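Please read the following alongside the sequence and the 3D view. The text starts at one residue and then widens to the whole chain before returning to single positions.

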Amino acid sequence: MSHRRRPHAPGPPPPPEDGGGDYSPQSPGKAPRIRPWPERRVLALALAFRAVNALLVRTYFNPDEHWQCLEVAHHIAFGYGHLTWEWKRGLRGYLHPLIFAALYKFLGFLHLDTPWFMVMAPRLLQSVFAAFGDLYLYKLSKLIFNEHAAQWTLFSQLVNWFMFFCITRTLSNSLETVLTVAGLYYWFIAIESSKGISVISKQQASSYQSPHSRKVALLIAALACAIRPTSAITWLYVGLLDFIYIKSKCRFLFLEVIPIGAIVLAATTFLDWWMYGSRVIVPLNFLKFNLFSSGGDYYGTHVFHWYFTQGFPSMIWTFLPLSVFGVIKSQEWRLSGLIAWVLGVYSILGHKEFRFVLPVLPLALMFSGYFLAAMSQFKGKNLHGKRHFSRLQLSVILLIITNVPMALYMSLFHQRGTEDVMFYLSKEAHNGRVKGVLFLMPCHSTPYYSTLHSSLPMRFLDCTPSDNKGTLDESDRFLMNPLDFVGEVIGNLSSFSHIVLFESEERHIIQLLLHDSFQEVRRFFHSHFKIDRDLQSSVVVYSRRDVL
């Protein structure tokens, strides 16, 4: 499991007296050395890029971005906001939402809680976390490989479409990804030092090494597990694999792992007790529901090989072959094994989502960066001695044209209607033109009070899992027969000033809406493609005539 530099690594290691991570291409004659990028410059670049990234993400991806984070944070900060059934059963911890609750409090204190800031400020805050994740991935790649590979790793991280699409969203998986990369960086410094085998020169080790690096890694790992208990899957692999190399195993277990884990667990448990008002052990409840009772299967299942054949290949996209070649060429089996381990364990679970394996996507992109650095050694010439596009240049062009348009389309257009409609309603409510809203669409299709930011009565179709299997929730019942459902369950529509629904269901109840003195006021584009059942091409807003 050594990380000793290999003869086929992209470029020879620098001499010990150089102390840098420079890389010299193996080509005839003298080749310019790769200049190291100052970490401040890398961080500044990442901060600027992720800020623009956050501003360009205007679409809806997963309900948890709003309903398990921002909605809870809004409830904490302003005293109103809907708490889903998971919070009533003690399945979620308050550590992650409290970060954004503090942001909301700050906005309220400065009187900046306007519609635009309420929508964009949380993603801009997450963009700061994402930028530090980019920095630590750069540092990790530099530590394990070299400066050149680190630069190409940063390129891969910034260009990959799914990372652009997801990392600035306020999902707990996004913050878990940042913590995982940072924790692995500190862990690799510590474990290599304890083994006495270094991937870096002695002078580099003196500049990198911190006597507390392993404790920092364990603290970050504990925080990642506190935010997402399933992060333990990653750290179980990392810890057990390197445990055999640790010289003082008893000291490691009883003076580092157990104390740090116990302190973080105790702190987050007391925090949850205080917020819930009762003694709740969130990690235990979370694992029991999602792992042991397969409660997540209620929201759909996939075949066991989905992550390997569809999910992860869709995320890494055209970087996949480069990452595979990078794994083979680098022979860095520990990190590649971690990727396979995480994908394999999550494959056992029936309910699968792209975001669950987001923490290992940067690691796969790191191998892509390694292989791109290796490709840069070769300069192509045709038979007449004239330069032509090298394999590296062609690869970069291919990566850009296959990732950048997709990132922009998915972030700016695909499923943006449900975001746009709430931003519109928040401005209308801010101006006093909304009295109540009814959402006749599948549950959690839109943001809620965290975007509206007005304490007005709202109603959405409930989809709380039933203890009786086969029982249809309100969302399913509405989609089966919209007209009958509205008449039997909703009843009088006059208590709402606005009704929001997808165009696919509008045609079933439009006569009822017109009969009850509602008329269309806005229509927002949502999607070009079929998502779940029918094509949800647009989101439509109806308002009572007496409100207009």
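His111 is exposed, with a relative accessible area of 67%. The model shown here is a predicted one. His111 sits in the loop between α4 and α5, the latter covering residues 115–144. Its backbone has a positive phi of about 55 degrees, although His111 is not a glycine. Most residues other than glycine have a negative phi. A second residue with a positive phi is Gln331, where the angle is near 55 degrees and the residue is again not a glycine. Gln331 is found in the loop between α15 (320–330) and α16 (333–348). With a relative accessible area of 32%, Gln331 is partly exposed; the limits for that class are 20% and 50%.

From these two loops, turn to the chain as a whole. The protein chain contains 23 helices and 5 strands. Of its 548 residues, 55% are buried. The accessible surface of the chain comes to about 24,200 Å², and carbon and sulfur atoms account for 63% of that area. How do the contacts divide by separation along the sequence, among residues at least 6 apart? In the protein chain, 75% of such contacts join residues at least 24 apart.

The next topic is the interior. In soluble globular proteins, nonpolar side chains tend to be buried together. In this model the largest nonpolar core has 78 residues, and the members that touch the most other members are Leu184, Trp187, Phe312, Leu335, Val357 and Leu361. Phe312 can serve as an example. Leaving out residues up to four places away in sequence, Phe312 touches Tyr307, Ile339, Leu343, Val357, Val360, Leu361 and Ala364. A second core, separate from this one, has 25 residues, including Met422, Tyr449, Met458 and Cys463.

Ala364, one of the residues touched by Phe312, also gives a way to place helix α15. Val324 lies in that helix. The C-alpha atoms of Val324 and Ala364 are 8.4 Å apart, while 40 residues separate the two along the chain. Is Val324 buried or partly exposed? Val324 is partly exposed, because its relative accessibility is 40% and the buried class ends at 20%.

Leu392 offers a contrasting case. Leu392 belongs to helix α18, which runs over residues 391–412. At 13% relative accessibility, Leu392 counts as buried. Which residues does Leu392 touch, not counting residues up to four places away in sequence? They are Trp152, Leu372, Met375 and Ser376. Met375 is 17 residues from Leu392 along the chain, and their C-alpha atoms are separated by 5.7 Å.

Arg523 takes the reader to a strand, β4, which spans residues 518–525. Arg523 is partly exposed, with a relative accessible area of 37%. Outside its neighbours within four places in sequence, Arg523 is in contact with Glu503, Glu506, Ser538, Val539 and Val540. Val500 is 23 residues from Arg523 in sequence, and the C-alpha atoms of the two are 9.7 Å apart.

The last topic is empty space. There are 7 cavities of 30 Å³ or more in the structure. The second largest cavity holds about 80 Å³ of space. Its lining consists of Arg58, Val119, Glu419, Asp420, Met422, Phe423, Pro447 and Thr451. By class, these residues are 4 nonpolar, 1 polar and 3 charged. Helix α19 (residues 417–430) gives the most to this lining, with 4 residues. Met422, which lines this cavity, is also a member of the second nonpolar core.

Open space is described by pockets, and the second largest pocket has about 950 Å³. Its lining has 43 residues, with Ala221, Ala222, Cys225, Ala226 and Ala232 lying nearest the centre. The elements that give two or more residues to this lining are α2 (64–78), α4 (95–109), α8 (172–195), α10 (213–227), α11 (232–243), α12 (249–276) and α13 (282–292). Which element gives the largest share of the pocket lining? That share, 11 residues, comes from α12. Sorted by class, the lining of the second largest pocket has 30 nonpolar, 7 polar and 6 charged residues.

Definitions and conventions:
Residues are numbered from 1 along each chain as its sequence is written. This is a predicted model: local features need pLDDT of at least 70, side-chain atom pairs count only at pLDDT 80 or more; totals for chains, interfaces and linings use all residues. Side-chain values use heavy atoms; hydrogens and water are left out. A nonpolar core is a set of buried Ala, Val, Leu, Ile, Met, Phe, Trp, Tyr and Cys residues joined through side-chain atoms within 4.5 Å. Buried means under 20% relative accessible area, exposed over 50%, partly exposed in between (1.4 Å probe, protein chains only). Contact means heavy atoms within 4.5 Å. Accessible areas come from the Shrake-Rupley method with a 1.4 Å probe; for residues, only the protein chains shown count as cover. On a 1 Å grid over the protein atoms alone, a cavity is a set of points where a 1.4 Å probe fits but cannot get out, and a pocket is an open set with protein on both sides within 12 Å along at least five of seven lines; lining residues have an atom within 4 Å of a point. Grid points are joined across faces, edges and corners, and a volume is the space filled by probe spheres set on the points. Ala, Val, Leu, Ile, Met, Phe, Trp, Tyr, Cys and Pro count as nonpolar, Asp, Glu, Lys and Arg as charged, and the others, Gly among them, as polar.
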